[in-house]
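This report describes selected side-chain contacts and local backbone features of one protein model. The sequence and the structure are shown first, and the description follows.

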Amino acid sequence: MTELDDTSSLCGQRVLVTRAAHHAAELRELLLAHGADVELLPMIELAPAGGELGVQAEALLARLLSSAYDGLLVTSANSVRFLFARLATLPVASTAPHWPTVFAIGPATAEALREQGVANVQVATRAIGEGLIECVLAHFGSDVIGKRFLLPRAREAREVVVEALTRRGATVDVAVLYETTAVTHGPDLPARALDWVTFASPSAVHAFAARFALPPGARVAVIGPVTAQAVDEHGWSIDAMPREHTLAAMVAAMSDAAKRRNDGQTKTDIVRA
């Protein structure tokens, strides 16, 4: 269990976590370590893609196992989880894959890959799609003509990586491994006032906005610029967004923003990428 930091500016503050239920634990523990009072209200659910999407994904993963790709593009820790779950079901997965060059969108995704035994990972310095593109181009010397990449991902995702690499002459096959759905029913917002509402994905933002108004006085924390864009679409102000797009960095940014407010400062901890 993480040691409590009773000097944190988040001590005693009520924070709402909107992540999917089975992904909320890490953020909850980080907030508890800062002395926050945490409320869980999952706004999204993740499920393996089935039907024709599932069949297509399995065909592409079989090609991955047969060394048909020059690179594997991994854009989230969720993608890692669903990737290895699906790989384990393939008949040809009895031996360890011979991995192509593996690119991760940021440190959390890279760590999830290493936990699965993928040792050599190229990690983007910016944990967004544009950062992953930069990482790929730096590795291949900007020459990706004729290169073939596999992108395992959610059904709902930005097309920036596919479009950018395709324009440069590469082929990007998309394996849809899972789907994100909004939680449309269940508990209401907590009765007591909230100090913070946290968002770690655009889908959680949109699902929240479809059911609730932002509670009066609640500040908004986001994990990165893509999530921030979704918040902007609903006209909400953002009070904390970290430079490094990780949960730990988001909590630290929240603590810094709370400290500045306690000190009478108005500047928010937001770094737009």
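A charge is said to sit over a ring if NZ of Lys or CZ of Arg is within 6 Å of the ring centre and within 35 degrees of the ring normal. The model is a predicted one, in which local features need pLDDT of at least 70 and side-chain atom pairs count only at pLDDT 80 or more, while totals for chains, interfaces and linings use all residues. Residues are numbered from 1 along each chain as its sequence is written, and side-chain values use heavy atoms, with hydrogens and water left out.

**Aromatic side chains**

The charged end of Arg81 meets the rule for a charge over a ring: it sits over the ring of Phe82, 4.3 Å from the ring centre. Phe82 also takes part in an aromatic pair with Tyr178. Rings of Phe, Tyr and Trp (its six-membered ring) pair if their centres lie within 6.5 Å; planes under 30 degrees apart count as stacked, over 60 as edge-to-face and the rest as tilted. Under this rule there are 8 aromatic pairs. Because the planes of Phe82 and Tyr178 stand at 10 degrees, with the ring centres 4.5 Å apart, this pair is stacked.

Helices (H or I, at least four residues) and strands (E, at least two) are DSSP runs, numbered from the N terminus. Phe82 belongs to helix α3 (residues 77-87) and Tyr178 to strand β8 (residues 171-182), so their pair ties together parts that are 96 residues apart in sequence. Accessibility is described in three classes: buried means under 20% relative accessible area, exposed over 50%, and partly exposed in between (1.4 Å probe, protein chains only). Phe82 is buried, at a relative accessible area of 7%, and Tyr178 is buried at 5%.

A tilted aromatic pair is formed by Phe208 and Phe212, with 5.3 Å from centre to centre and 55 degrees between the planes. Both of these residues, Phe208 and Phe212, are buried. They also belong to one aromatic cluster together with Phe199 and Trp236.

**Salt bridges**

Side chains of opposite charge can pair when their charged atoms come close. A salt bridge is here a side-chain nitrogen of Lys or Arg within 4 Å of a carboxyl oxygen of Asp or Glu. The search of the whole structure finds 11 salt bridges. The table gives three of them, with the N to O distance and the separation in sequence.

| Salt bridge | N to O distance | Separation in sequence |
|---|---|---|
| Arg63 and Asp173 | 3.8 Å | 110 residues |
| Arg158 and Glu130 | 2.7 Å | 28 residues |
| Glu179 and Arg155 | 2.8 Å | 24 residues |

Arg63 lies in helix α2 and Asp173 in strand β8, so this salt bridge ties together distant parts of the sequence, 110 residues apart. Arg63 is partly exposed, with a relative accessible area of 32%, whereas Asp173 is buried at 13%.

The salt bridge between Arg158 and Glu130 links the loop between β7 and α6 (160-167), where Arg158 is placed, with helix α5, which holds Glu130. Arg158 is partly exposed at 37% relative accessible area, and Glu130 is partly exposed at 26%.

In the salt bridge of Glu179 with Arg155, Glu179 comes from strand β8 and Arg155 from the loop between β7 and α6. Glu179 counts as partly exposed at 22%, and Arg155 is partly exposed at 47%. Elsewhere, Arg14, Asp37, Glu39 and Arg192 are linked in a network of salt bridges.

**Helix α1 and positive phi angles**

Helix α1 (residues 24-33) contains the buried residues Ala24, Leu27, Leu31 and Ala33. An α-helix has 3.6 residues a turn, so residues three or four places apart point the same way. With contact meaning heavy atoms within 4.5 Å, the buried residues of α1 pack against β1 (14-17), β2 (37-40), β9 (196-199) and α9 (247-262). After α1 comes Gly35, which has a positive phi near 80 degrees.

Ser67 has a positive phi of about 65 degrees, although it is not a glycine. Ser67 is located in the loop between α2 (51-65) and β4 (71-74), and is partly exposed with a relative accessible area of 42%. Ser142, also a residue other than glycine, has a positive phi near 65 degrees. Ser142 occupies the loop between α5 (129-139) and β7 (148-154) and counts as exposed at 55% relative accessibility.
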